[in-house]
Amino acid sequence: MDSSIQDFMDSCNSDNSCSLTTNSTITTNNNISNSLVGSSSPSGSTTTSSRYENQKRRDWNTFGQYLKNHRPPLSLSRCSGAHVLEFLRYLDQFGKTKVHTPICPFYGHPNPPAPCPCPLRQAWGSLDALIGRLRAAFEENGGKPDTNPFGARAVRLYLREVRDLQSKARGISYEKKKRKRPPPQQQQQQQQQHHHQQLPMQLPLHLHHHHQHQLPPPGATQ
């Protein structure tokens with residue numbers, strides 16, 4: 001669980017309200033769930049599925065609360081890709097990932113040797129996973145795939161821009177790794193060499209029979 005999000009939620013619970021300014025003013029209160037963007041590495045497929053389902057349910061409830069506290073309030077049926085983008089930008093204030101600006105001397109440095117005043121943002125991977133859970137939850141709660149705001153083109157483009165921006169700023173590649181790795185080149189060469197060594201020994205049967213009858217026996221005269 002993101003500790004910065006938890007701290008924000010705790011402050012909301014004590015003050016009963018807190019506000020921020022994005023494209024519009026949104027008020028959040030103590031009904032918001034205790035987690036939004038979470039990640040864990042449980043062992044076992046059953047545990048992983050349970051964690052995923054629990055996180056998806058919390059994310060869905062939190063987004064619903066976000067819509068209720070929106071000014072003006074929004075219904076899910078009126079929610080569009082633009083509102084999803086507003087929600088993602090809103091989450092950046094709870095981020096813990098340092099994203100260097102182009103003028104920062106550590107721009108493109110994966111391990112900066114010193115602190116810098118660059119802003120903290122939500123990591124691209126966290127946002128991408130969050131949108132995936134909310135997109136699934138929308139359809140599981142009766143939404144139609146063709147009206148899913150979490151699958152809107154604007155959302156996909158935004159996530160791509162965030163990925164590219166953070167990749168350049170942090171000097172980290174986000175290319176997906178291949179699940180199945182090809183066998184080592186050395187092993188392939190050994191297999192080919194072994195195959196070629198066996199070829200001369202495998203004389204076709206008809207040729208072997210032909211040579212056996214055509215060649216004269218040792219010591220025979222023509």
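Buried here means under 20% relative accessible area, exposed means over 50%, and partly exposed lies in between. The legends below describe a predicted model.

**View A. Helix α3 is mostly covered.** Of the 11 residues in α3, 9 are buried. The helix spans residues 81-91. The buried residues are G81, H83, V84, L85, E86, F87, L88, Y90 and L91. Y90 has a relative accessibility of 2%, so this tyrosine falls under the 20% limit for buried residues. F87 and Y90 of this helix are also members of an aromatic cluster, which is taken up in the next view.

**View B. Eight aromatic side chains, from W60 to F150, belong to one cluster.** The members are W60, F63, Y66, F87, Y90, F94, F138 and F150. Across the structure there are 9 aromatic pairs. In the pair of Y66 and Y90, the ring centres are 5.1 Å apart and the planes stand at 40°, so the pair is tilted. This pair connects distant parts of the chain, with Y66 in helix α2 and Y90 in helix α3, 24 residues apart. Are Y66 and Y90 buried or exposed? Y66 is buried, at 3% relative accessibility, and Y90 is buried at 2%.

**View C. E53, K56 and E140 are joined by salt bridges.** Side chains of opposite charge can pair when their charged atoms come close. K56 has two such partners here, E53 and E140. Between E53 and K56, the closest N and O atoms are 3.2 Å apart. Both residues lie in helix α2 (residues 45-68), 3 residues apart, or about one turn of the helix. An α-helix has 3.6 residues a turn, so residues three or four places apart point the same way. Between K56 and E140, the closest N and O atoms are 2.6 Å apart. This second bridge links distant parts of the chain: K56 is in helix α2 and E140 is in helix α4 (residues 124-140), 84 residues apart. How do E53, K56 and E140 stand in accessibility? K56 is buried, with 4% relative accessibility. E53 is partly exposed at 33%, and E140 is exposed at 54%.

**View D. R163 and D164 meet in a salt bridge.** The N to O distance between the two side chains is 3.4 Å. D164 is partly exposed, at 36% relative accessibility. R163 is partly exposed as well, at 29%. In another place, salt bridges with shared partners join E53, K56 and E140 into one network. How many salt bridges does a search of the whole structure find? The search finds 4.

**View E. A136 of helix α4 is in contact with Y52 and K56.** These contacts leave aside neighbours of A136 within four places in sequence. A136 has a relative accessible area of 23%, so this alanine counts as partly exposed. One of its contacts, K56, is buried at 4% relative accessibility and forms the salt bridge with E140 shown in View C. A136 is 15 residues from G151 in sequence, and their C-alpha atoms are 9.6 Å apart in space.

**View F. N148 sits in the loop between α4 and α5.** Is this loop residue buried or exposed? N148 is buried, with a relative accessible area of 6%. With neighbours within four places in sequence left aside, N148 is in contact with R135, F138 and E139. F138 is also one of the residues in the aromatic cluster of View B.

**View G. The second largest pocket is lined by 14 residues.** Rolling a probe the size of a water molecule over the atoms shows where empty space is left. The second largest pocket has a volume of about 250 Å³. Which lining residues lie nearest its centre? They are D92, V99, R121, V162 and L165. Helix α5 (residues 153-170) gives the most to this lining, with 5 residues. By type, the lining divides into 6 nonpolar, 4 polar and 4 charged residues.

How values were computed
Residues numbered from 1 in each chain as written. Predicted model: local features only at pLDDT ≥ 70, side-chain atom pairs only at ≥ 80, totals over all residues. Heavy atoms only, no water. 1 Å grid on protein atoms, 1.4 Å probe; cavity = no way out; pocket = protein on both sides within 12 Å on 5 of 7 lines; lining within 4 Å. Points joined across faces, edges and corners; volume = space filled by probe spheres on them. Helix = DSSP H or I, 4+ residues; strand = E, 2+ residues; numbered from the N terminus. Nonpolar A, V, L, I, M, F, W, Y, C, P; charged D, E, K, R; others polar. Buried < 20%, exposed > 50% of the residue type's maximum accessible area, 1.4 Å probe, protein only. Phe/Tyr/Trp six-rings, centres within 6.5 Å; stacked < 30°, edge-to-face > 60°. Contact = heavy atoms within 4.5 Å.
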